[in-house]
Amino acid sequence: MRGFWTPDVRSLPRGYKPLDINDDILNEFLKTYPEFDQESFPRPMVVAALEDADVETGSAWGKYHSKRVRHSLKKRGMFSWAAHWLAFRSTQIASAKGGDGVASAAFMYPTTSESVGDESISFGVPAVTTEDQANNGTLNLTPYGIEFLRLRNRATAGAWMV
């Protein structure tokens, strides 16, 4: 199933064959990140995020391995990217619906302080520089995106020539 924001296959690198996001992949993602349950995140939205994540983690990440191989870099990268996208998208949806974003922020950031009288709460939102945003978009804004960036550094590390 192709998501409405997934790149057209004509824009994929030559010879790249996208993964079929089947029930096994979806269930494995939901075991890894149970906070993205299908009650809060409709299946088509999760599938589309995983399709995009497959494209974001191209062939440099290696092959996707199912649950038989626990440490598949491609799988971990795909899952962290999809989780980032879903978490970030949930804040956009909450904001568009007129929500205050507190539930979404609590979903993504650690609580740094709370008050009971007059209901105050603060979250540890990371500071993002213009350069960070230019290089990484919104990836620095969620713990899932930060995990993706860490994995991306491993996937794209190559030999150094001096």
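# Getting to know the fold, question by question

Biologist: Let's start with one residue: where along the chain is Ser66?
Modeller: This is a predicted model. Helix 2 covers 43–56 and helix 3 covers 73–96. The place of Ser66 is in the loop between helix 2 and helix 3.

Biologist: And is Ser66 buried, partly exposed or exposed?
Modeller: A residue counts as buried under 20% relative accessible area and as exposed over 50%, with partly exposed in between. The relative accessible area of Ser66 is 26%, so Ser66 is partly exposed.

Biologist: Which residues does Ser66 contact beyond its neighbours within four places in sequence?
Modeller: The chain brings Ser66 and Asp24 to a C-alpha separation of 8.0 Å, although they are 42 residues apart along the chain. Leaving aside those neighbours within four places, the contacts of Ser66 are Glu28 and Lys75.

Biologist: Stepping back, in what order do the elements of the protein chain run?
Modeller: The protein chain has six helices and two strands. Read from the N terminus on, the order is α-α-α-α-β-β-α-α.

Biologist: What share of the residues in the protein chain is buried?
Modeller: The protein chain exposes about 10,400 Å², and carbon and sulfur atoms supply 53% of that area. Of the 162 residues in the chain, the buried share is 37%.

Biologist: How many residues of helix 2 are buried?
Modeller: Helix 2 has 14 residues, which should span 20 Å at 1.5 Å a residue, and its end C-alpha atoms are indeed 20 Å apart. Its buried residues include Met45, Val46, Leu50 and Asp54. Helix 2 is mostly covered, and the number buried is ten.

Biologist: How do helix 1 and helix 2 lie relative to each other: roughly parallel or roughly perpendicular?
Modeller: Their axes are 11 Å apart and meet at an angle of about 95°. Angles of 65 to 115 degrees count as roughly perpendicular. Helix 1 and helix 2 are therefore roughly perpendicular.

Biologist: Which residues of helix 2 make the contact with helix 1?
Modeller: On the helix 1 side, Asp23, Ile25, Leu26 and Phe29 take part. Their partners on helix 2 are Arg43, Val46, Val47 and Leu50.

Biologist: Which helix gives the most residues to the largest nonpolar core?
Modeller: This core has 31 residues, and those with the most contacts inside it are Phe29, Phe36, Leu50, Phe79 and Leu86. Helix 1, helix 2, helix 3 and helix 6 each supply at least two residues. With nine residues, the one that gives the most is helix 3.

Biologist: Phe29 has come up twice, so to speak. Which residues does Phe29 contact, leaving aside neighbours within four places in sequence?
Modeller: Phe29 is among the residues with the most contacts inside the largest nonpolar core. Leaving aside those sequence neighbours, the contacts of Phe29 are Phe36, Val46, Leu50, Phe79, Ala82, Ala83 and Leu86.

Biologist: Now to another loop: is Leu139 buried or exposed?
Modeller: Leu139 lies in the loop between helix 5 and helix 6. Its relative accessible area is 8%, and the cut-off for buried is under 20%, so Leu139 is buried.

Biologist: Which residues does Leu139 touch, not counting those up to four places away in sequence?
Modeller: Leu139 and Phe88 are 51 residues apart in sequence, with 9.0 Å from C-alpha to C-alpha. Some residues that Leu139 touches, including Phe148 and Leu149, are also buried residues of helix 6. The full set touched by Leu139 is Trp81, His84, Gly145, Ile146, Phe148, Leu149 and Arg152.

Definitions and conventions:
Residues numbered from 1 in each chain as written. Predicted model: local features only at pLDDT ≥ 70, side-chain atom pairs only at ≥ 80, totals over all residues. Heavy atoms only, no water. Helix = DSSP H or I, 4+ residues; strand = E, 2+ residues; numbered from the N terminus. Buried < 20%, exposed > 50% of the residue type's maximum accessible area, 1.4 Å probe, protein only. Contact = heavy atoms within 4.5 Å. Areas by Shrake-Rupley, 256 points an atom, 1.4 Å probe, with all protein chains shown as cover. Expected span 1.5 Å × (residues − 1). Core = buried A, V, L, I, M, F, W, Y, C linked by side-chain atoms within 4.5 Å. Axes fitted to C-alpha atoms, helices over the stretch in contact; angles between N-to-C directions. Parallel < 35°, antiparallel > 145°, perpendicular 65-115°, else oblique.
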